[in-house]
Amino acid sequence: MSIFSKFDALAANRRDLETIGINPFDVQIETIVSPTEGIIQGRHTILAGTNNYLGLTFDPECIAAAQTALRYEGTGTTGSRMANGSYSGHRNLEKELAAFYGKRDSIVFSTGYLANLGMLSTLVGPNDRVLLDADCHASIYDGCRLGRAQTIRFRHNNPDDLAKRLQRLGEQAADTLILIEGVYSMLGDHALLKEIVDVKRQYGGYLLVDEAHSLGVLGQHGGGLAEELGLLDDVDFIVGTFSKSLGGAGGFCVSNHVELDLIRYASRPYVFTASPSPVTIASTRQALRALSAGSDLRKKLHENAVSLHSKLEALGYPLGAEASPVIAVVFDDKIKALQFWNNLLQLGVYVNLMLPPATPNGMFLIRCSVSAAHTSEQIDRIVAAFERLKPTA
Ligand code: PMP
């Protein structure tokens, strides 16, 4: 037995994946043409697996802001904010995020993954209880694990199951942290936030909502599901990422709790990693301005999502959830999903192949992500590829 023996099963799995000639988890986009187009294997390809929901990666004002920061502040911060200091941009972005949500304060982290890790590992420890939706993202699970919190899962998007488990906790319910997502990353379904808030009002507890896939997508100002439903006051912590609608990299948490600022001093994923580069901060600040003013972008995104969803449904594909920018087609077999993914790529459409353990209930998913930057013609070309590959009954 060597320390590498544990990789034998992974290596065998990878060989299986490579039988189709390209590893879906090691795709090279040789040239980025635009937010929705690239060259893959020498072929012009529509990118429909990017999470670039508003298409802001090529926004001229975001690029100009990033260029100015690069020129005047350099390529990187070369350290953590605790040890090496913050740049004014870090603090300004934190103030802008807090103002955007109408909350007291925010903390910026170096990625969305680190935002969950940094918040959860610090907020909850071995004497605390966490109730988390079973379909929560890996970063939420990992944050709870790092904090060694007592972690109880409740059935996905099931407020009754949440209520049952809170009731069982008795007096401890009031100190329990409830963890959910606004729009779930794998199937694109919306949290039953109103019902979950009702449960929280009845039993007490704290609520953290990860709006990674709903920021820029839902809400009058693009704040996400809590804003859309007018429930921001009922959410204790909103976590989000800069890597999707904001077209950058980084993450954040906003909250009204005064203790938020103390998290910085105790959070290892905040203290012991380099802060986001000036380029990232500058493009994200500009993207946040575009996002909050961007109701046209959200409208176009919604139209594209409804169009792709309804057309794939009409073709008879089993879809994971209601129309949202994440549209997942469910397969019952890994090899079929793998071949389908590759056939789409050969037809010039790049989507995501999602396999267990990343998926809920061991599902095999072909996951499309729609962008406001997709033209109607590109949506139709995606649909045409699905139509050509439609399995015959
Ligand atoms: N939360 C959720 C729900 C996500 O889907 C993701 C990324 N897919 C993250 C957090 C992590 O974000 P980042 O890519 O910025 O690390």
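This section describes the domains, the largest pocket, the largest cavity and several local backbone features of a predicted model.

The domain assignment of the chain gives two parts, domain 1 (11-47 + 295-389) and domain 2 (60-293). Domain 1 is thus written as two stretches of sequence, 11-47 and 295-389, whereas domain 2 is written as 60-293. The centres of domain 1 and domain 2, taken over C-alpha atoms, are separated by 27 Å. To the contact, domain 1 brings 17 residues and domain 2 brings 19 residues.

The largest pocket lies between the two domains, because domain 1 and domain 2 both give residues to its lining. Its volume is about 590 Å³. The lining consists of 35 residues, and those nearest the centre of the pocket are Cys136, His137, Ala138, Ser139 and Ser185. Three elements, α5, α6 (138-147) and β9 (237-241), each supply at least two residues of this lining. Of the elements, α6 gives the most, with five residues. Sorted by class, the lining of the pocket has 13 nonpolar, 14 polar and eight charged residues.

Apart from the pocket, the structure holds one cavity of 30 Å³ or more. About 60 Å³ of space lies in the largest cavity. Its lining is made up of Ser80, Arg81, Val108, Phe109, Ser110, Pro269, Tyr270, Thr273, Ala274, Ser275 and Pro276. Two or more of these residues come from each of β4 and α11 (268-271). By class, six residues of the cavity lining are nonpolar, four are polar and one is charged.

Ser110, one of the residues that line the largest cavity, is placed in the loop between β4 (105-109) and α5 (112-123). The relative accessibility of Ser110 is 18%, so this residue counts as buried, the cut-off for buried being under 20%. The side chain of Ser110 reaches the backbone oxygen of Ala274 at 2.5 Å. When residues up to four places away in sequence are not counted, Ser110 touches Ala249, Gly250, Gly251, Thr273, Ala274, Ser275 and Pro276. Among these contacts of Ser110 are Thr273, Ala274, Ser275 and Pro276, which also belong to the lining of the largest cavity.

The backbone was examined next. Most residues other than glycine have a negative phi, and most peptide bonds are trans. Thr78, a residue other than glycine, has a positive phi near 60°. Its place is in the loop between α2 (60-73) and α3 (81-84). With a relative accessible area of 73%, Thr78 is exposed, since exposed means over 50%. Arg148 is not a glycine either, and its phi is positive at about 55°. This residue lies in the loop between α6 and β6 (150-154). The relative accessible area of Arg148 is 61%, and therefore Arg148 is exposed as well. In the loop before Arg148, the preceding element is α6, the helix that gives the most residues to the lining of the largest pocket.

One peptide bond is cis, namely the bond from Pro356 to Pro357, with omega near 10°. Pro357 is placed in the loop between β13 (352-354) and β14 (364-369).

Note on methods: Residues are numbered from 1 along each chain as its sequence is written. This is a predicted model: local features need pLDDT of at least 70, side-chain atom pairs count only at pLDDT 80 or more; totals for chains, interfaces and linings use all residues. Side-chain values use heavy atoms; hydrogens and water are left out. Helices (H or I, at least four residues) and strands (E, at least two) are DSSP runs, numbered from the N terminus. Buried means under 20% relative accessible area, exposed over 50%, partly exposed in between (1.4 Å probe, protein chains only). A polar contact is a pair of N or O atoms within 3.5 Å; within protein, one must be able to donate a hydrogen and the other to accept it, and residues adjacent in sequence count only if both atoms are side-chain atoms. Contact means heavy atoms within 4.5 Å. On a 1 Å grid over the protein atoms alone, a cavity is a set of points where a 1.4 Å probe fits but cannot get out, and a pocket is an open set with protein on both sides within 12 Å along at least five of seven lines; lining residues have an atom within 4 Å of a point. Grid points are joined across faces, edges and corners, and a volume is the space filled by probe spheres set on the points. Ala, Val, Leu, Ile, Met, Phe, Trp, Tyr, Cys and Pro count as nonpolar, Asp, Glu, Lys and Arg as charged, and the others, Gly among them, as polar. Domain bounds come from an automatic or database domain assignment.
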